[in-house]
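I am opening a notebook on a structure that is new to me, and I want to write down what I look up in the order I look it up.

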Amino acid sequence: MMRPHEQSRDQSSSDREKPGWSLAAAKLISRAGRFALVGGIATAFQYGLLVAMIEVLGMFAVLASALSFCCSALANYLLNYYLTFQGGVRHRRALPRFALVAALGLVINTLCFSLVLAVAPYLLAQVVATLVTLVVNFLLHHFWIYREPEWNL
């Protein structure tokens with residue numbers, strides 16, 4: 001049986017841990033929101049460039065798609081580096097990792113899209129693929145590309 005002073009000491013240490021956990025969870029949620037916002041901006045940028053390259057410049061669609069993807073990926077990297085993850089990691093470490101994650105994201109997106117397309121309309125398949133890719137990308141960005149010791153408990 002615990003003595004009253006022991007119980008209050010255990011309870012107070014437990015109470016001290018909860019606000020820290022709440023703060024860490026709030027930071028993670030905030031970071032995830034910024035990540036999603038940056039992803040939305042980069043996606044809109046990609047589609048805007050794609051349409052402009054095809055409709056205004058008359059560029060071949062496959063080339064326009066590849067170039068707009070590359071420009072979007074660069075914008076995504078820079079926005080995430082400076083806004084979402086606040087540049088806590090050097091470019092020479094983050095950029096190669098980002099390139100690998102972007103390539104992996106392309107594979108995941110294509111695979112998910114193909115699997116869901118077998119049972120659902122293409123727009124729903126793309127939404128599912130985008131959501132799966134978003135989750136995987138965020139986790140890889142958070143715990144690997146821009147890894148910070150306080151986030152990796």
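The entries below go from the whole chain to single residues.

**Entry 1, the chain.** I note before anything else that this is a predicted model. I looked up the secondary structure and found 4 helices and 0 strands in the protein chain, which reads along the sequence as α-α-α-α. Of the 153 residues in the protein chain, 25% are buried. I also looked at the contacts with a separation of 6 or more, and residues 24 or more positions apart account for 63% of them. The surface exposed by the protein chain comes to about 10200 Å², and carbon and sulfur atoms supply 71% of that area.

**Entry 2, the core.** Which residues form the largest nonpolar core? I find 8 residues there, namely Ala73, Tyr77, Tyr81, Val89, Ala94, Phe98, Val101 and Ile145. The elements that give two or more residues to this core are helix H2, residues 61-84, and helix H3, residues 91-117.

**Entry 3, helix H3.** I then followed H3, which has 27 residues and reaches 37 Å from its first C-alpha to its last, close to the 39 Å expected at 1.5 Å a residue. Its buried residues are Ala94, Phe98, Val101, Gly105, Ile108, Asn109, Cys112 and Val116. Proline 96 also lies in helix H3, and I asked whether proline 96 is buried or partly exposed. Proline 96 counts as partly exposed because its relative accessibility is 49%, a value between the limits of 20% and 50%. Proline 96 and isoleucine 145 stand 49 residues apart in sequence, while their C-alpha atoms are 8.7 Å apart in space; isoleucine 145 is one of the core residues in Entry 2.

**Entry 4, a surface patch.** On the outside I found a nonpolar surface patch of about 400 Å², made by Leu74, Leu78, Tyr82 and Leu83. Leucine 83 belongs to helix H2, and with a relative accessible area of 47% it is partly exposed.

**Entry 5, glutamine 46.** Finally I turned to glutamine 46, which is found in helix H1, residues 4-56. Is glutamine 46 buried or exposed? Glutamine 46 has 19% relative accessibility and therefore counts as buried, the cut-off being under 20%. What does glutamine 46 contact, once its neighbours within four places in sequence are left aside? I find glutamine 46 in contact with Ser68, Phe69 and Ser72.

Conventions
Residues numbered from 1 in each chain as written. Predicted model: local features only at pLDDT ≥ 70, side-chain atom pairs only at ≥ 80, totals over all residues. Heavy atoms only, no water. Core = buried A, V, L, I, M, F, W, Y, C linked by side-chain atoms within 4.5 Å. Buried < 20%, exposed > 50% of the residue type's maximum accessible area, 1.4 Å probe, protein only. Patch = residues over 30% accessible without salt bridge, like charges linked within 9 Å, V, L, I, M, F, W, Y side chains within 5 Å. Areas by Shrake-Rupley, 256 points an atom, 1.4 Å probe, with all protein chains shown as cover. Salt bridge = Lys/Arg side-chain N within 4 Å of Asp/Glu carboxyl O. Expected span 1.5 Å × (residues − 1). Contact = heavy atoms within 4.5 Å.
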